[in-house]
Amino acid sequence: MEGSYNSLPVFMERGLHTTGTHLRAFFLFCSRSYFQSFAFISETDSRCDRMGNFVFSTMDAGEPVQTIGRFHRFNAATLKTETLDLPEVAIPNSICFSPDGSTMYYADSLQGCIFCCNYPSLENQRVFTRVKGQGTPDGS
């Protein structure tokens, strides 16, 4: 992953990989063993922050869904994955950032809540809004 290439993170069975137009292969950068307590890596929800870090979520694939989902960040500078110090959720969704990058938004579809916090410090964690009536927060 050295150099300034256009690379693309890809979720695969063995974990998170990277590839790009200059590559003819996939390179594993975060194995599933990092997520030992999770049955499923949610490849439907992820975003890059303004610093190039890759933020993504994990969730339980069992029935009924357990509230053990977490948010993680692949650090572009250190090439290490860290679990973010945010509360566990059941169905993580809607990772996004404010235009200036100072606020992270994320949802738990099962709770019907969109949360936010200061970013990258993760301080001032709070409920941004609750969805009332039909529908759940899903996608951003």
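Begin by selecting R73 and E82 in this predicted model, where the two residues form a salt bridge whose closest N and O atoms are 2.8 Å apart. With the pair on screen, compare the surroundings of its two partners: R73 is buried, with a relative accessible area of 9%, whereas E82, at 31% relative accessibility, counts as partly exposed. The structure holds 1 salt bridge, and side chains of opposite charge can pair when their charged atoms come close.

Next, select R70, which is found in strand β6, a strand covering residues 70-74. R70 is buried yet has no salt bridge, and the nearest side chain of opposite charge, that of E88, is 4.0 Å away. Which backbone oxygen should be displayed beside the side chain of R70? Add L86 to the selection, since its backbone oxygen lies 3.3 Å from a polar atom of the R70 side chain.

From there, move to the aromatic residues, for which the count comes to 5 aromatic pairs. Select Y106 and F115 and look at their two rings, whose centres are 5.6 Å apart and whose planes meet at 25°, so the pair is stacked, given that planes under 30 degrees apart count as stacked. Both partners can then be checked for accessibility: Y106 is buried, with a relative accessible area of 2%, and F115 likewise counts as buried, at 13% relative accessibility. To finish, add F71 to this selection, for F71, Y106 and F115 form one aromatic cluster.

Conventions: Residues are numbered from 1 along each chain as its sequence is written. This is a predicted model: local features need pLDDT of at least 70, side-chain atom pairs count only at pLDDT 80 or more; totals for chains, interfaces and linings use all residues. Side-chain values use heavy atoms; hydrogens and water are left out. Rings of Phe, Tyr and Trp (its six-membered ring) pair if their centres lie within 6.5 Å; planes under 30 degrees apart count as stacked, over 60 as edge-to-face and the rest as tilted. Buried means under 20% relative accessible area, exposed over 50%, partly exposed in between (1.4 Å probe, protein chains only). Helices (H or I, at least four residues) and strands (E, at least two) are DSSP runs, numbered from the N terminus. Lys and Arg count as positive and Asp and Glu as negative; His and the chain ends are not counted. A polar contact is a pair of N or O atoms within 3.5 Å; within protein, one must be able to donate a hydrogen and the other to accept it, and residues adjacent in sequence count only if both atoms are side-chain atoms.
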